[in-house]
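Notebook open, structure loaded. I want to jot down what I look up as I go, starting with the packing inside.

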Amino acid sequence: MTQNTSVTDEPPLLEVKDLKVEFDTYGGSVQAVRGVSFSVEEGKTLAIVGESGCGKSVTVQTLMGLVPMPPGRLKSGTATLRGRNILGTSQIDGQDFRGSEIGMIFQDPMTSLNPTMTIGRQIAEPLEVHRGWSHKKAFSRAIELLEMARIPEAEQRAKQYPFEFSGGMLQRAMIAMAIACEPAILIADEPTTALDVTIQAQVLDLMGDLQQDHGTAIILITHDLGVVARMADEVAVMYAGQIVERGSVDDIFYRSAHPYTVGLRAAMPSNDPSARRSLIPIEGSPPDLFSPPTGCAYAARCPYAMKICSTSEPPPFVVGQDHFGKCWLHHEEVAGGWEKILSGAPTLLTGAKMARASSPLAENKS
Amino acid sequence: MSKAIPLVVSDKLTKFFPLPRGKKVHAVDGVDLTIHEREIVGLVGESGSGKTTFGKTLIGLLPKTDGTVKYRGKALPQKYGPADFKRQAKTMQMIFQDPYSSLNPRMTVEEIVGEGLKLYSGQSSSDLRDTVASWLSRVGLEPDYMSRYPHEFSGGQRQRIGIARALILEPEFVVCDEPISALDVSVQAQVVNLLEELKQSMGLTLLFIAHDLSMVRYISDRMAVMYLGALAEIGPAHDVFFSPKHPYTEILIASNPEPDPELERKRLSTTITGEIPSPVDIGAGCRFAGRCPHSMDRCRVETPLLKPLADQPDRYVACHLYN
């Protein structure tokens, strides 16, 4: 099953197909990633959105070879960087691609840096490893990179240790490290979750500027829809180890094609000064990934669930250019169809609960 | 808000933490705040601005360095003794930020939720069990969960346990310290709705500490903005959010990303330079002067006081631009 809706002649910068990752535990195997496919284009930002435990971090950590195997197990899937395989290896043509072609920054800057090395040395290290630069040359480049990351007094700061930096400065130093070798892709795993909004704005601005200057593609993992709206070109919404909706950022926010995406938005306060609506939580909790449900993983929490939803998994229905939603409501035989249920803003924002009682679909389709 | 009765009043409330060599952390520095009956006051600010310390000092979990807290007009002691805790436990409670570390892993849910009742109500153990069961169902948990331990619950469920524990003595005033920041978006809405519902049914007064500005605007009647241990601005939540007055509030709200791509594309870069300074060496003048785009000479020498705006008497701003 392919979820890729775009057709191009050149191989995309990064293409992931049908990635499945499991973890063996004493309680059985957890199916953390269950068939994820996506591609990333040069200079664009793909945001992977989802709640904790939906498999977004495992997906990118698998690409970077950071998932210990065992207990992790790659069940299926391919991932190619400009047409060359990167899964199950750390090398392309005898070179480690990690750090040189794909850079990564992590959620918690306090624990992701080595406390016994100076910041400057840590930034210089990838240049020494990947480019064979001398100690001195790499260190002076590290100072430039710190300046680029808008760290004041970079020369003195480069000689300091992580404990002498604040959280926001550490995150910027980590970005400097990740882009030291000018990678084509920067993976940012919840880069601003640990930061205050003012510092978050600084870090997001920095990432945006670097992308403009260097044409870096960014894979941004986050659960914050505000950050998504600000940064993303493309969005993949993940739920229970699968991408349930994928589209442009406007598709996701203005033409949502999956009840989970709709539910996430309805659960957040909107800052429309004229609207005073109450929050509609998504009832229940995500499914147990030891034994994922047979049908749609979201069916148990979905106010629009039909009979078929609990028995067979929906395919990705293409609803627009490069936009799909894995939901049976897009099936042509569903009376009423998706538009009728979710197109109107009042339904989108306030109707989830009422729709459960009055939906003609409740027992309509089997 | 028409006939608002002050419930909790802090007057120049101050909390310093001592450091070696006579230095001290000015965590909360002379905060005046009046919280009225059945009101939700949202308290926002960056980490390190003293929000949590203020909440804890307000309800007596930390002794005060200076200033007073009055509850229904009666001054509360500077440092709580066992009798004070016993008396205040029935009127003031707290819901903590981290549902993972604020529940004792070796106690069952029944022991956690019922502990306050056991200590302060003198109910018989079977009555106690019934009360715990009814509270569990009131916060949306199965009463059968009583004999389970905290590790068996998800984050949202644990936060519900924390809420039941805080409310079982039916307090009037509850400090909610970032009750939702550790939770996923879909679960946040569950907990916020639960708090609103309980506020309605019990007539609670809440101090809602958070850094999620959209959520604070949504839930609060009034919003207070704290910076480096002092209040920068306070006023009706809607007004403060949509027309902030203090330059810090303006920047804080402008930094808040909106879940709307079109709005975000129109956003002008309002990034503030620098970070919150150390609360140890606080000189004269406005605390925000070093980062403020509008700072004047006066800001560096004279500390601005929290004063009502001339045209909007329910809004208070501590900034020389408005005096």
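Entry 1, the cores. This is a predicted model, so I keep that in mind throughout. I looked up the largest nonpolar core and got 103 residues, with I163(B) and F208(B) touching the most other members. Which helix gives this core its largest share? I found helix α6 of chain B, residues 185–202, which supplies eight residues. Apart from this core lies another one, of 40 residues. I noted a few of its members, including L113(A), I175(A), A178(A) and A188(A). Background reminder to myself: nonpolar side chains tend to be buried together in soluble globular proteins.

Then I went back to I163(B) and listed what it touches, leaving out residues up to four places away in sequence. My list reads I95(B), V139(B), V191(B), L194(B), L195(B) and L198(B).

Entry 2, a helix in chain B. Is helix α1(B) mostly covered or mostly open? I checked residues 51–58, and six of the eight are buried, so I wrote "mostly covered", taking buried as under 20% relative accessible area. The buried ones are K51(B), T53(B), F54(B), G55(B), T57(B) and L58(B). Just after α1(B), I spotted G60(B) with a positive phi of about 90 degrees.

Entry 3, the sheet in chain A. I traced an open sheet of eight strands with mixed pairing, in the order β8-β9-β10-β3-β11-β12-β14-β13. At its edges I found β8 (102–105) and β13 (317–320) of chain A; each has a single partner strand, so one side of each is left without a neighbour in the sheet. On average, neighbouring strands here are turned by 20 degrees against each other, direction ignored.

I zoomed in on one pair. Strands β3 (residues 45–49) and β11 (residues 234–239) of chain A run parallel and are joined by four bridges. Opposite L46(A), in β11(A), I found E234(A).

Next, the helices on this sheet. Helix α6 of chain A (residues 167–178) packs on it, touching β8 and β9 (185–189) of chain A, and its direction makes about 170 degrees with that of β8(A). I also looked at helix α10 of chain A (residues 259–266), which lies across β11 and β12 (242–248) of chain A and runs at about 95 degrees to β11(A).

Entry 4, a loop glutamate. E190(A) sits in the loop between β9 and α7 (197–214) of chain A. Buried or exposed, I asked of E190(A)? The relative accessible area came out at 7%, which is under the 20% cut-off, so E190(A) counts as buried. Ignoring neighbours within four places in sequence, I noted contacts of E190(A) with K56(A), Q107(A), I221(A), T222(A) and H223(A).

Definitions and conventions
Residues are numbered from 1 along each chain as its sequence is written. Chains are lettered from A and ligands numbered from 1 in the order in which they are written. This is a predicted model: local features need pLDDT of at least 70, side-chain atom pairs count only at pLDDT 80 or more; totals for chains, interfaces and linings use all residues. Side-chain values use heavy atoms; hydrogens and water are left out. A nonpolar core is a set of buried Ala, Val, Leu, Ile, Met, Phe, Trp, Tyr and Cys residues joined through side-chain atoms within 4.5 Å. Buried means under 20% relative accessible area, exposed over 50%, partly exposed in between (1.4 Å probe, protein chains only). Contact means heavy atoms within 4.5 Å. Two strands pair if DSSP finds at least two bridges between them. Axes are lines fitted to C-alpha atoms, for helices over the stretch in contact, and angles run from 0 to 180 degrees between N-to-C directions.
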